[in-house]
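Subject: A structure for you to look at

Hi,

Here is the structure I promised to pass on. Please open it first, and then read on for what turned up in it.

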Amino acid sequence: MDTVRPKSAVSNKSKLARTFQKVINLRTSTRISSNNGICLLTPQGCRVKEHEDDDGNVNGAFDNKSKHFDKTNDDITRARNRAIMEALVAKLFAGITSIKAAYAELQMAQNPYNSDAIQVADLAVVNELRAISELKRSFLKKELDLSPQVTIMLAEIQEQQGLMKTYQITIKKLEAEVNRKCLNLSGLKKNLEDSVSLNKSLEKKLNLSGPLSIFDTLLISALNPAHFVEFLNDLTLRSVRSFVKILVREMESANWDLEAAVKFIEPEASFSKQSHRCFVFESFVCKTMFEGFNDPAFNIRGGDSPVCSDSVVFFDRFKKLKSVSPKHLFTQNPNSSFGMFLRTKYLQLVHAKMECSFFGNLNQRKMMTSCGYPETPFFSAFADMSKRVWLLHSLAFSFGQEDGEVTIFQVRKDSRFSEVYMGCVNQEVLFPAGEIDANPEVELRVNFTVVPGFKIGKTVIQSQVYLSPANRRR
């Protein structure tokens, strides 16, 4: 006989399994809570293994699904908490940036003092500090009610506004500093102009009442070559070098090739220092200005030049003209001997192309030829130099025929150096110890003449030459 299992036993087992499943589903659904529209799942394990039977496999699968569902709830909670903290930090830093901007405004309003701006900036600082304090209180009491995306966006906008305000204040500070320095610079420029003007006036007074003052009481009977040497070195050559500096400066401003200009004047010149090129231009100016010096009329025909070499006439002219400005001398009588000398030497020394490159026109040249006096620093320096050369010429011919003739000489290139007839303009570079013939192995040769020499009767006034060393021949 076959054994028949009672149906009631099978049905009881299936019913028990269904009951456990309903209970578990009910407990899981009650653990789902809502917070500000975002569901947070409370992690809690759902393990059903107390009553295992033949349907144990079904209960184990349900237990795995519960674990996965609880893990997903944990990830959502951590992600939301992290987003809230990021929003909190962004809001905090935005508040700090706003405080910095407001404090910068407060500092800006104090200098210069602005009471209204100080009150506005102070109120802004206080409001931002209150907002941060309220944020701290809400965080500690866990009462934060933030929408992370909106809060981060607003915090970023607030921070950018604070940075822009800080940059604007910085720009204002820099502009105020620039204005202050511009005012300071204007004051310094004014002081410089005043100093330059004072120096010029002092130099003018020195030139009028300094070295020239020793000739006020000079009598022709007491005149000696030492007076000529003093006037040559202290007055005439000083004005020559001042004009040469202006000439070279104008060449540089006009973008002249100074090296080519030097080679044109002295093709074979060599220099121990690059700055010694100025001696070439001084040589050119002296050669032009002193040309005709040994002629009583300075090679100027006409005007009021003395018809004879009367020393008294030349000495009276020297005494009369030494304290008169060149402008006054020229404008009073442009066709006088000095006026003709000034005009002739300018046209010889300053070529038309040179003047055009310096000033962009030939106005000075045209004014000179029409007996006008150009009011420019360049021409003023030239006129002052010309007047002193003219006075030196008058002083030279004040010695009279009994003292001998007045002659001028240049030293030929490659001549041997002679201390009787020559002085060295570059002695400090060649011989720092001051002894010109200290090295017997070196022979000094004349490179070119810078200032011509003079001979008044038997008295020789040294020329000034630029020397170059050469190996002594044995």
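Helices and strands here are DSSP runs, at least four residues for a helix and at least two for a strand, numbered from the N terminus. Counted that way, the protein chain has 14 helices and eight strands. Please keep in mind that this is a predicted model.

Some overall values to start with. The protein chain has 474 residues, and 36% of them are buried. Its accessible surface is about 29,300 Å², with 55% belonging to carbon and sulfur atoms. Among contacts with a separation of 6 or more, 72% are between residues 24 or more positions apart.

The sheet

A good place to begin is an open sheet of three strands, in the order S3-S6-S7, with antiparallel pairing. Strand S3 (406-409) and strand S7 (459-461) are the edge strands, each pairing on one side only. On average, neighbouring strands in this sheet are turned by 20 degrees against each other, direction ignored. Helix H5 (residues 225-253) packs on the sheet and touches S6 and S7, and its direction makes about 10 degrees with that of S7.

How many bridges join S3 to strand S6? There are four, and S6 covers residues 453-456. You can find Ile408 opposite Phe454 in S6, while Phe409 has Gly453 as its bridge partner there. On the other side, three bridges join S6 to S7, and Ile456 stands opposite Thr459 in S7. The hairpin of S6 and S7 has two residues between the strands, and Gly457 takes a positive phi near 65 degrees in it.

The cores

In soluble globular proteins, nonpolar side chains tend to be buried together. The largest nonpolar core here has 69 residues. Which of them touch the most other members? They are Phe228, Phe243, Val285, Phe293, Leu342, Phe382 and Met385. A second core of eight residues lies apart from it, including Val411, Leu444, Val446 and Leu467.

Phe293 is worth a click, as it brings us back to the sheet. Leaving out residues up to four places away in sequence, Phe293 touches Phe228, Phe298, Val389, Leu392, His393, Ala396, Phe397, Val406, Ile408 and Phe454. Ile408 and Phe454 are the residues that stand opposite each other in the pairing of S3 and S6.

The aromatic rings

The structure holds 28 aromatic pairs. One of them is Phe231 with Phe318, an edge-to-face pair at 5.6 Å centre to centre and 70 degrees between the planes. Phe231 is in helix H5 and Phe318 in helix H8 (residues 311-321), so to speak of distant parts of the chain is fair: they are 87 residues apart. Both Phe231 and Phe318 are buried.

Phe298 and Phe341 form a tilted pair, 4.7 Å centre to centre with 45 degrees between the planes. Phe298 lies in the loop between helix H7 (278-289) and H8, and Phe341 in helix H10 (residues 337-349), so this pair ties together parts that are 43 residues apart in sequence. Are these two rings buried or exposed? Phe298 is buried, because its relative accessible area is 1% and the cut-off for buried is under 20%. Phe341 counts as buried too, at 0% relative accessibility.

Finally, take a look at the aromatic cluster formed by Phe243, Trp256, Phe330, Tyr346, Phe358, Phe359, Tyr373, Phe378, Phe379 and Phe382. Phe243 and Phe382 also appear in the list of core residues above.

Enjoy exploring!

Best wishes

Key. Residues are numbered from 1 along each chain as its sequence is written. This is a predicted model: local features need pLDDT of at least 70, side-chain atom pairs count only at pLDDT 80 or more; totals for chains, interfaces and linings use all residues. Side-chain values use heavy atoms; hydrogens and water are left out. Two strands pair if DSSP finds at least two bridges between them. Axes are lines fitted to C-alpha atoms, for helices over the stretch in contact, and angles run from 0 to 180 degrees between N-to-C directions. Contact means heavy atoms within 4.5 Å. A nonpolar core is a set of buried Ala, Val, Leu, Ile, Met, Phe, Trp, Tyr and Cys residues joined through side-chain atoms within 4.5 Å. Buried means under 20% relative accessible area, exposed over 50%, partly exposed in between (1.4 Å probe, protein chains only). Rings of Phe, Tyr and Trp (its six-membered ring) pair if their centres lie within 6.5 Å; planes under 30 degrees apart count as stacked, over 60 as edge-to-face and the rest as tilted. Accessible areas come from the Shrake-Rupley method with a 1.4 Å probe; for residues, only the protein chains shown count as cover.
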